Every structure is written in C-alpha cells, then in structure tokens.
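Visitor: I should like to learn how the features of a protein model are read, one at a time. May we work through an example together?

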Amino acid sequence: MNTAPAPAEPRWLTAEEQRVWRFYMHASTLLEDHLDRQLQRDAGMPHIYYGLLVQLAEAPGRRLRMTELAMNAKITRSRLSHAIARLEKNGWVRREDCPSDKRGQFAVLTDAGYEVLSRTAPGHVTAVRQALFERLSPEQQKSLGEIMEIVAEGLQPDEAGADLPWLR
C-alpha cells in the first residue's frame, strides 16, 4: 500500500499574473533582439560582447579577473571563455595570466577595443533610450528599477552552493 502523500497541485498563475508574465517575456525578448541587432549593425558584435567591453572599460586598468567578469555578466565561465576568444580574435581584448594565481587569468581591454567601444556607445545609448526610457515616465522608470533590483536580488542567493551561471 502506497502511503506517500499526493503531490500538491501547482499554484498556477492568476490571469493577471499570466498577463504580466507574458508581457515581460515579450518585451524582454524584443528589447534584447533590438539591442543585439543595433550592435551587430554598428559594430559587428552581439549585445553580450558589448557588455563585456563596457565592464572592462570601467574597471581599474581596463582589466578584470575572468571569474569576476563572468559573475558581473551573469554568464557561465565557458560562455565567457568563448566570448573572450572571439573578442581576442578581433583584437579588442587580450588575456593575461594572474601572477598571484597560476590558474587565474585577466581579461584586458586593448586600445582597439576601447576605440570600438567609444565609437559604438553613442548609438547604443540612443537605442536604449528610444526603446526603453523614452517610453516610460520618470515614476515608471523608478518603479522598473526597484522591481528589477528586487527580482535580481532574489535570484542571487548568498549561500554557498547556489546554482549561479558564473559558478558553473
């Protein structure tokens, strides 16, 4: 005789939650595609690569440990390694060994990478502004920022063993 309790019925989304979820998915997919196409057209790179170049440009000495770069970009180390290889091929980034950790490496933004970023940034900022911020009131922008902060914090637990992309 099986005495295991029956699985609980899923807590389905309400009609309003389903509406919000679908609009979020629709908008986030369209926004990412819009920005990706703009960057491919203007610089021949996907949005994720642009984000990596921005992080390196903002870092002291235009360099970051690969593990820190993966964490900041919210991507797996494997995906980062592939992206950095492509950026190296373009001459926009170079890798350097970490003197204090034989297994560690730095990603360093080259002058050529800084130049392509400087040329591309104005068009990208315009695309972001037109696609997102010009469509929202200042109050909506503030609310969106607060909401996204809550969601991001909830998806990045501090405890050891968390299943986060940059730890894979």
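Visitor: Why does A59 count as buried?

Guide: The model is a predicted one. Burial is judged by relative accessible area, and buried means under 20%. A59 has 9% relative accessibility, so A59 counts as buried. A59 belongs to the loop between helix 2 and strand 1 (63–65).

Visitor: How many Å separate the C-alpha atoms of A59 and L109?

Guide: The C-alpha atoms of A59 and L109 are separated by 9.4 Å, although the two residues are 50 apart along the chain. For I84 and S137 the sequence separation is 53 residues and the C-alpha to C-alpha distance is 37 Å.

Visitor: Is I84 buried or exposed?

Guide: I84 has a relative accessible area of 0% and is therefore buried. This residue is in helix 4 (residues 77–89). Setting aside neighbours within four places in sequence, I84 is in contact with M66, L69, V93, R95 and A107.

Visitor: Which residues does Q55 touch?

Guide: When residues up to four places away in sequence are not counted, Q55 touches L64, L69, N72 and A73. Q55 is located in helix 2. The cut-off is the one already used, under 20%; Q55 counts as buried because its relative accessibility is 16%.

Visitor: How should one read the pattern of buried residues along a helix?

Guide: An α-helix has 3.6 residues a turn, so residues three or four places apart point the same way. In helix 5, the buried residues are G113, V116, L117, T120, H124, A127 and A131. They pack against helix 1 (15–43), helix 2 (47–58) and strand 3 (101–109).

Visitor: Which residues are buried in helix 1, and what do they pack against?

Guide: L35, Q38, L39 and A43 are buried in helix 1. These buried residues pack against helix 2 and helix 5.

Visitor: What do the lengths of helix 1 and helix 5 come to, from first C-alpha to last?

Guide: Helix 1, with 29 residues, reaches 42 Å, close to the 42 Å expected at 1.5 Å a residue. Helix 5 covers residues 111–131; its 21 residues reach 30 Å, close to the 30 Å expected.

Visitor: Where does the kink in helix 5 lie?

Guide: The kink lies at A121, shortly before the proline P122, and amounts to about 40 degrees.

Visitor: What should one look for in the backbone angle phi?

Guide: Most residues other than glycine have a negative phi. In this model R62 has a positive phi, near 55 degrees, and is not a glycine. R62 lies in the loop between helix 2 and strand 1. With a relative accessible area of 21%, R62 is partly exposed. K74, also a residue other than glycine, has a positive phi near 60 degrees. K74 is found in the loop between helix 3 (66–73) and helix 4, and is partly exposed, with a relative accessible area of 41%. A positive phi, near 70 degrees, is found at G44, which follows helix 1.

Visitor: Where does the charged end of R63 sit?

Guide: It sits over the ring of F106, 4.2 Å from the centre of that ring. As for rings that pair with each other, the count comes to one aromatic pair.

Visitor: Which residues does UniProt assign to the feature "domain: HTH marR-type"?

Guide: The UniProt record, an unreviewed entry, places that feature at residues 17–153. In the model, the span is 71% helix and 13% strand, and its end C-alpha atoms lie 20 Å apart.

Definitions and conventions: Residues numbered from 1 in each chain as written. Predicted model: local features only at pLDDT ≥ 70, side-chain atom pairs only at ≥ 80, totals over all residues. Heavy atoms only, no water. Helix = DSSP H or I, 4+ residues; strand = E, 2+ residues; numbered from the N terminus. Expected span 1.5 Å × (residues − 1). Bend = angle between axes of the 7 residues up to and from the residue. Buried < 20%, exposed > 50% of the residue type's maximum accessible area, 1.4 Å probe, protein only. Contact = heavy atoms within 4.5 Å. Phe/Tyr/Trp six-rings, centres within 6.5 Å; stacked < 30°, edge-to-face > 60°. Lys NZ or Arg CZ within 6 Å of the ring centre and 35° of its normal. UniProt positions renumbered as here; feature names shortened; annotations may be inferred.
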